[in-house]
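Hi,

Here is the structure I said I would send over. Have a look at it first, and then read on for what turned up.

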Amino acid sequence: MANRNGRFAIIEQLLADGIQYMFGNPGTVEQGFLDALSHYEPEFKYVFALQETIAVGMADGYARATKKPTIVQLHSGVGLGNGIGMMYQAMRGHAPLVVLAGEAGIMYDAMDAQMASDLVSIAKPVTKWATRVVDPASLLRVLRRAIKIAGTPPMGPVFVSLPMDILDAPNEEEAIPTSFPIARVTPEPEQIERAASILATATKPLIVVGDGVAFSDAQAELIRVAELIGAQVWGADSSEPNMSATHPLFGGLLGHMFGEVSRRITSQADAVLICGTYVFPEVFPVLSDAFAPDAKVIHIDLNGYEIAKNFPVDLGLMSDPKTTLAALGTTLESMMTPEQQQEAFQRSIRIAEAKKQQLTAQLEADKAVCDSVPLHLSRFTRDLAQHIPPDTVIFDEAITNSEELCRYIPPTTLGYYFQTRGGSLGVGIPGAIGLKLANPDKTVIGFTGDGGSMYTIQALWTAAHHNIDAKFVICNNHSYQILKLNIMQYWRERGIAEHDFPTSFTIGNPDIRFDELARAMGVQSIRVEQPDEIESAIQKALAYNGPFLIDLVLTNEVAGSKIGVKCGQ
């Protein structure tokens, strides 16, 4: 564009990088920038959120699906403040977001005017890099640097403050594609041999993995190593199917809340391979003795900050999980003796049999409550699994109901299952919207709770406004169920007798009608309270061309508690 200014140049840079979407909420200081968007439609699209948290949540879902830098537009200091919680979520999950926020202008710096704030300082704690453009001639250079930093492992959100006078100034910079470094780094052969030797001689090996495996597309290489050494695999900070949940060696997820839960598993091993995660991501982690005293610990990660961050390791390899695990598998195959191979095989059989027995017991327990009212999610997901296409993409913010969801729709394939991470409630609805934009030809279903959904319920309007054909299930148990479980643990640890839960843990009086809220924002919906209503509701949701919400009323009984109550009581 001849005689363009910065507000046009910035969009041309995004298009040069193949970026199609901007997720945002409009504001006055960005109005010129947003006014320029119409010149680039339909190649460049603005996804309109009614609140900044939702814009970041949608972008987080889209970035997780595409593994590419994704643009978020927020409004000045107040808008950035609204988005901070979800930016923390993106930071913990290594989502490559490029967050842009407008401000009144450099010319007003001395005035301390309305909405003036130090945006860079606000953003720094939740980003890999935060900066402010202060010269019109470096606008695109700074933007390319932000895109590169966001998309370079370990990926994560970055922030760029855009003063209005910078965007309005003439800009002659050329919009050229951003350059990214290649991160497929592999250790020296002798380090691979050292790791293989430790694992080959172990009698009780264990593998702990996180989303670095998914980012590297290393699921197959991980499975090969696990099978070779006969090691059970556990997830930590693992929100994607880094290993298929149906694999006999997959044990599940380590404790999210309490480190003692994780230690009961990790302390049993004589050799631990950690790959693509940090140890350990609980809210209340153990401060010592996470591993057995003589256990050997190997940590593979592109994020050098996480290696030996909290506990010593015997071998830390700052390298790409895919190429490193591939080399490790090849070395193990050539190194392991027939006796070691047989021992690994027998370990695998024992682990698989224990997992099979556990699953059988869980399925039997589900049968006992199959026709219960209020419903259990296991009944709904059992029926849902019979109707959804095989390539359905799931966003899982079911929290306390996640286990029942994954029992019948198990996460198996990278790119088809995404779980909440980072601790921010309200990611389920906007996250599913982002996934659908990244997977327009696939069925996308977002699960969330009644508590979590109310943080971002306005996202339903965005789904209707843009006719984004995602499906949503509200696991409506009238409570913050996770808080009930956590306080029971707190009571046990401190010897406090079980008593009534705090009233603030219950969401009721009045009852929230999510089906009515959805329709008020243009989303078709249905409420399900009885077992015989489930199949019809699923069929209606899947057949409908557009966003659709199921308000699924579930029991709020707490397992192991004497004080659980039924929904509606």
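Below is what I found, going from the strands to the cores, then a helix, and finally some backbone and cysteine details.

Before anything else, please keep in mind that this is a predicted model.

**The strands β1, β3, β4 and β6**

Let's start with β4, which covers residues 97-103. All 7 of its 7 residues are buried, so the strand is largely enclosed by the rest of the structure. In a regular strand, side chains alternate between the two faces of the sheet. You can follow that here: L97, V99, A101 and E103 point one way from β4, while V98, L100 and G102 point the other way, and all are buried.

Which strands does β4 pair with? One of them is β3 (residues 70-75), which runs parallel to β4 and is joined to it by 6 bridges. If you want landmarks for this pairing, H75 sits opposite G102 in β4, and Q73 has L100 as its bridge partner. Another is β6 (residues 158-163), also parallel to β4 and also paired over 6 bridges. There, E103 is partnered by P163 of β6.

β3 is much the same story as regards burial: 6 of its 6 residues are buried, so this strand too is largely enclosed by the rest of the structure. T70, V72 and L74 are on one side and I71, Q73 and H75 on the other, with both faces covered. β3 also pairs with β1 (residues 21-24), in the parallel sense and over 3 bridges. In that pairing M22 stands opposite I71.

To get from β3 to β4, follow helix α4 (residues 76-93): the two strands and the helix form a right-handed β-α-β unit.

**The cores**

Nonpolar side chains tend to be buried together in soluble globular proteins. In this model the largest nonpolar core has 50 residues, and L97, L460 and F472 have the most contacts inside it. The helix that gives the most to this core is α3 (residues 52-66), with 7 residues. L97 you have already met, as part of β4.

F472 is a good one to click on. Setting aside neighbours within four places in sequence, its contacts include I429, A432, I433, L460, F548 and I550. G446 and P547 are also among the residues that F472 touches.

There is another core, lying apart from the one just described, and it has 33 residues. Among them are A195, A218, A231 and L317.

**Helix α21**

Next, α21 (residues 534-543), where I534, A537, I538 and A541 are buried. These four lie on the same side of α21, because they cover an arc of only 100° around the axis. What do the buried residues of α21 pack against? The answer is helix α14 (377-385) together with the strands β16 (471-476), β17 (524-528) and β18 (548-553).

**Backbone oddities**

Most residues other than glycine have a negative phi, and most peptide bonds are trans. A few places here go against that.

- P153 and P154 are joined by a cis peptide bond, with omega about -5°. P154 is in the loop between α6 (139-151) and β6.
- The bond from V373 to P374 is cis as well, with omega near 0°. P374 belongs to the loop between α13 (338-368) and α14.
- D112 is not a glycine, yet has a positive phi of about 50°. You'll find D112 in the loop between β4 and α5 (119-123), and at 64% relative accessibility D112 counts as exposed.
- D217 has a positive phi too, near 60°. D217 is in the loop between α9 (212-216) and α10 (219-229), and is partly exposed, with a relative accessible area of 46%.

**Cysteines**

How many disulfides does a search of the whole structure find? It finds 0. Take C406, which is in no disulfide: the nearest cysteine sulfur is that of C475, 11 Å away. C406 counts as buried, at 18% relative accessibility, because the cut-off for buried is under 20%. C275 is also buried, with a relative accessible area of 0%.

Cheers

Definitions and conventions:
Residues are numbered from 1 along each chain as its sequence is written. This is a predicted model: local features need pLDDT of at least 70, side-chain atom pairs count only at pLDDT 80 or more; totals for chains, interfaces and linings use all residues. Side-chain values use heavy atoms; hydrogens and water are left out. Buried means under 20% relative accessible area, exposed over 50%, partly exposed in between (1.4 Å probe, protein chains only). The arc is that of the directions from the helix axis to the C-beta atoms. Contact means heavy atoms within 4.5 Å. Two strands pair if DSSP finds at least two bridges between them. A crossover is right-handed if, with the strands pointing away from the viewer, the path from the first strand over the helix to the second runs clockwise. A nonpolar core is a set of buried Ala, Val, Leu, Ile, Met, Phe, Trp, Tyr and Cys residues joined through side-chain atoms within 4.5 Å. A disulfide is a pair of cysteine sulfur atoms within 2.5 Å.
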